[in-house]
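Let's take a walk through a protein model together. Keep the 3D view open and turn it as you read.

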Amino acid sequence: MYKDVFGKALLDYHNDNYTEDIITWTNISDKDMLPLPYLFRNFEEMPMIEQEALKHSNGKILDVGCGTGNHSLWLQNKGFEVKAIDISMGAVSVAKSRGVNIVEQKHLLEETETYDTILLLMNGTGIFEELTKLNQYLEHLKSLLTKKGKILIDSSDIRYMYEDEEGSYWIDLNQNYYGELDYYISYKGEIETPMKWLYLDFDTLKTACQTVGFKCYKIIDGPHFDYLAQLKLF
Ligand SMILES: C[S@@+](CC[C@H](N)C(=O)[O-])C[C@H]1O[C@@H](n2cnc3c(N)ncnc32)[C@H](O)[C@@H]1O
């Protein structure tokens, strides 16, 4: 069952109870710290990929997996109509309290309105969970897009995580796609129910997009195997 460990951490930070960070790990990587202040970043503190995504946004905007509402707040201040959604009750409550006007606790697949821009940021493809669900999510996103609308999504090619010291890769070709990870988080000793989190290399995303009727092109590469892509209807 979902415990919203992530949301509890966001609420603590927002309510001036910041004592520790979130710890994350995956089936292929050791424990790592996710600093809570990073989840409350302003435009200047955002990676270039996110700044670029915001600059490409226009019209009526949907911020999927909004977290504390960093991207929504910037866009709202620029005068755009924004709706933010997140499955985390804690995130929704923090985003509201920080001033995002329209925030709903909602799973992406429950959304039904249409938008000119749909944002999925901070490894936006993670929300698709696993490769077998990719087409279902892309089809759904297609149904939420106006004719000339765009989806702005970032991800990383995590092949580098499988590289050993000699420079060879240990990807097991009999296993699922290498970007499909089991993702774990803990905060103040509480461990969230494990979730699936999908990292997608650009070519795999592009091929999937073509099968559901999206043109997919790369806007920019980030500094570490990451990239920002734009999806538009053919
Ligand atoms: C890595 S965080 C990114 C938060 C925010 N976009 C940012 O850049 O700071 C991913 C967010 O997506 C939310 N999320 C995960 N799956 C979701 C889904 N299916 N529908 C909506 N939100 C989802 C999580 O609760 C979390 O807040």
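**Two helices side by side**

Helices H1 and H4 are roughly parallel to each other, because angles under 35 degrees count as roughly parallel, over 145 as roughly antiparallel, 65 to 115 as roughly perpendicular and the rest as oblique. Their axes come within 6 Å and cross at roughly 30°, with H1 covering residues 5-14. Axes here are lines fitted to C-alpha atoms, for helices over the stretch in contact, and angles run from 0 to 180 degrees between N-to-C directions. On the H1 side, the contact is made by Phe-6, Gly-7, Lys-8, Leu-10, Leu-11 and His-14, and on the H4 side by Met-89, Gly-90, Ala-91, Ser-93, Val-94 and Ser-97. Being in contact just says that the C-beta atoms of two residues, placed from the backbone, lie within 7 Å. The residues of this contact divide into 6 nonpolar, 5 polar and 1 charged. For that sorting, Ala, Val, Leu, Ile, Met, Phe, Trp, Tyr, Cys and Pro are nonpolar, Asp, Glu, Lys and Arg are charged, and the others, Gly among them, are polar.

Before going on, some ground rules. This is a predicted model, in which local features need pLDDT of at least 70 and side-chain atom pairs count only at pLDDT 80 or more, while totals for chains, interfaces and linings use all residues. Residues are numbered from 1 along each chain as its sequence is written. As for the labels, helices (H or I, at least four residues) and strands (E, at least two) are DSSP runs, numbered from the N terminus.

Stay with H4 for a moment. Is Val-92 in this helix buried or exposed? With 25 C-beta neighbours inside 10 Å, Val-92 counts as buried. The rule is that a residue is buried if 20 or more other C-beta atoms lie within 10 Å of its own, exposed if 12 or fewer, and partly exposed in between, with C-beta atoms placed from the backbone. Leaving aside neighbours within four places in sequence, Val-92 touches Asp-86, Val-103 and Gln-105. Its C-alpha atom is 8.2 Å from that of Gly-7, although the two residues are 85 apart along the chain. Lys-96 is also found in H4, but with 16 C-beta neighbours inside 10 Å it counts as partly exposed.

**Into the sheet**

H4 (residues 89-97) lies across strands S4 (81-86) and S5, running at about 165° to S5. Those strands belong to an open sheet of 7 strands with mixed pairing, in the order S5-S4-S3-S6-S7-S12-S11. S5 (103-105) and S11 (214-221) stand at the edges with a single partner strand each, so one side of each has no neighbour in the sheet. Neighbouring strands are turned by 20° against each other on average, direction ignored.

Now look at how some of the strands pair, which takes at least two DSSP bridges between them. S3 and S4 pair in the parallel sense over 5 bridges, and Lys-60 has Glu-81 in S4 as its bridge partner. S3 (residues 60-64) also pairs with S6 (residues 115-120), again in the parallel sense, over 4 bridges. There, Asp-63 is matched with Leu-119 in S6. S4 is largely enclosed by the rest of the structure, because 5 of its 6 residues are buried.

At the other end, S11 and S12 run antiparallel and are joined by 7 bridges. They form a hairpin with 4 residues between them, and Phe-225 in the turn has a positive phi of about 65°. Helix H5 (residues 134-143) packs on the sheet too, touching S6, S7 (145-156), S11 and S12 (226-233).

**Loops and a ligand**

Most residues other than glycine have a negative phi, and most peptide bonds are trans. Asn-123 has a positive phi of about 55° although it is not a glycine. You'll find Asn-123 in the loop between S6 and H5, and with 19 C-beta neighbours inside 10 Å it counts as partly exposed.

Finally, which residues are closest to the ligand? They are Gly-65, Gly-67, Ser-88, Leu-108 and Met-122, out of 17 that surround the ligand. To be near it, a residue needs its C-beta atom, placed from the backbone, within 6 Å. The shell divides into 11 nonpolar, 5 polar and 1 charged.
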